[in-house]
Amino acid sequence: MLLALLAPIVVAGAQTIAATGAVAVTAQAGTLAPVPLVAPRGFEAALATLLVEIEDANRQAAQLAQQGKDVVAEAERITKESAAVRDSKAALNARVAVVNEEIKGHNERAKAVDGEIAAHNAKPNTFTLPADARAAAAYDTEAHRLEAKRNQENAVEDRIQGEESQIRQEASQVDAKSSQLDAAAEANDTRAADLKTKEQQLRSRSQQLLGQMAQAIQSFASVPSNPAAAMNQGGDAPAPAPQAGNRSAGQDEDTGDSPYRGPRAAALTQYAKQHGTTVDARPGTAYLTPDAVRRLTPAQAATLGSPAIDYEGLVRKPNGHYTALRVQAPAATTAPAPAVFPPGGLVVHRGGEQLSVDEVTTVEEAPVSAGPASGHGSPDPGGAGNRHIRTCKDLKPLGATDLNGGGWVDYLPSDARGRNGGVKSCLEGAPGSKRGQSADRAGNIPGWTDARTRATALGFNQERDIARCHSVPRQAGGTADERNLTPCFQRGANINQATGGTITNSMFTFETRAGNGMKQGYVLYDVRPRYEKTSTIPSKWEMALYAWDATTGARTDFGSTVVDNARYGPSGLVNLGM
């Protein structure tokens, strides 16, 4: 290989640390506005110092993120130019083969001419004129003919030598380019390693700052509020906070433009009904304690970025602690948070009390319309005639490609090794094989050559036992675009295996499930191939779907699976990508 390919640099520092002030989540009676706690002496200075350090960490994170993009871009450039070098070498080798054939033919003809010349020279060449005039003329004619043939072969030899010289010159240029790319790849690998080290250092520093911020917030929140001090700062004394449960999800007092209305309020109402409980629907912020921060892994700390976790509602548990509810739109991504915390690890400061949260649960928005001002929102007819229903049709990203028969696909970028990144797609309409394209003639997709070699080594037939698996199913409009295809076992991975061993969790199984969702409405369909180290063949695919009813917008299905690129063969169960 000319190129030591890079994996994309994932810089945890790109998750910026939220530089928010310490604000309690106590709500005034009759309002939703949070009331600031009164800062104790010295808190502002400590917080200001932390914010300066956080800002510096975020600046470094942004720089590392950009440098990481530069490294990936350089790796992609090297990959592209290396492919061009390989093509040039292949073309040169083809020319060499042609020249070698010409040399072989020339040598055979030259040898034959030499034989004819030797035979000619061996003939009697002394003639008596005019008696032997005819024989002498014939001898001379043959000599001229042989000399012409020899000159012709000499011209062929000169041309071949010129072609050889040209090939050597071009080969020297290609070798020089190869050396340049090797040096560039080595330098880029060094830069990538340096970035990785800096990322780890920044991640450690970020966790320290996260802990310091948590400590500052805890110290701040532990100081009782002083109404007089608040008034001295130009504000009103905070009104008594409502008790937990005063505002529950679905109460009729939420009217007009109340922020509790709409899909998020409906989600909390639905959660309360399903679990037979009361949801305190006042949104707020919970804070990690310093001890909880210390228990996080560096990766978790970098992902969180802040000790503050926003929520939309609280549910009191029998033990007196609380579950915090976070609401997200279908297919949206809420900033991740650990699901379960040790007692006291996550706290809410409300009305002078400290509430302990030991669980965070994410619920999905209910697909409801805004509804009239005087009543609660309720499902409306959806589909093309009503855009109040939010489905994957409304989530089409810029650059996505329309699918034949409806829907779209967003091809995720390949990694620095050129390996397929997978797809995110929206599927709709009746499934059918005529909607998409067969992959049989897709050609040499990424990893295909390695898959054929691997299949042979495992004792399989490379023509019959491996296939090009669609990410977007052909029945849903999936094409033979190489971005939509990855090498796989035909049985076991692409379709189920019933002989020699039984595998029922194939891509076809999950595709059938998606097809059932398409018959009812829309399906958000996500497929991500996963690879082992430097392998170009997926070892598995992570697949997920979320389906909506086209009329009501109600969820009809959601789920995920992992399909292994495996099947049973001569030596038992084997994985094509491992």
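How many aromatic pairs does a search of the whole structure find? The search finds five, where rings of Phe, Tyr and Trp (its six-membered ring) pair if their centres lie within 6.5 Å. Tyr546, Trp548 and Phe558 come together in one aromatic cluster. The model is a predicted one, in which local features need pLDDT of at least 70 and side-chain atom pairs count only at pLDDT 80 or more, while totals for chains, interfaces and linings use all residues. Residues are numbered from 1 along each chain as its sequence is written, and side-chain values use heavy atoms, leaving out hydrogens and water.

A good place to begin is strand S10, which spans residues 466-470 (strands are DSSP runs of E, at least two residues, numbered from the N terminus). Five of the five residues in S10 are buried, that is, under 20% relative accessible area with a 1.4 Å probe and protein chains only. In a regular strand, side chains alternate between the two faces of the sheet. Here Ile466, Arg468 and His470 point one way, and Ala467 and Cys469 point the other way.

S10 pairs with strand S11 (residues 485-489) in the antiparallel sense over five bridges; pairing requires at least two DSSP bridges. Within this pairing, cysteine 469 stands opposite threonine 486.

Histidine 470 belongs to S10 and counts as buried because its relative accessibility is 10%. Its side chain reaches the backbone oxygen of glutamine 437 at 2.8 Å, a polar contact being a pair of N or O atoms within 3.5 Å, one able to donate a hydrogen and the other to accept it.

Notes. Helices (H or I, at least four residues) and strands (E, at least two) are DSSP runs, numbered from the N terminus. Buried means under 20% relative accessible area, exposed over 50%, partly exposed in between (1.4 Å probe, protein chains only). Rings of Phe, Tyr and Trp (its six-membered ring) pair if their centres lie within 6.5 Å; planes under 30 degrees apart count as stacked, over 60 as edge-to-face and the rest as tilted.
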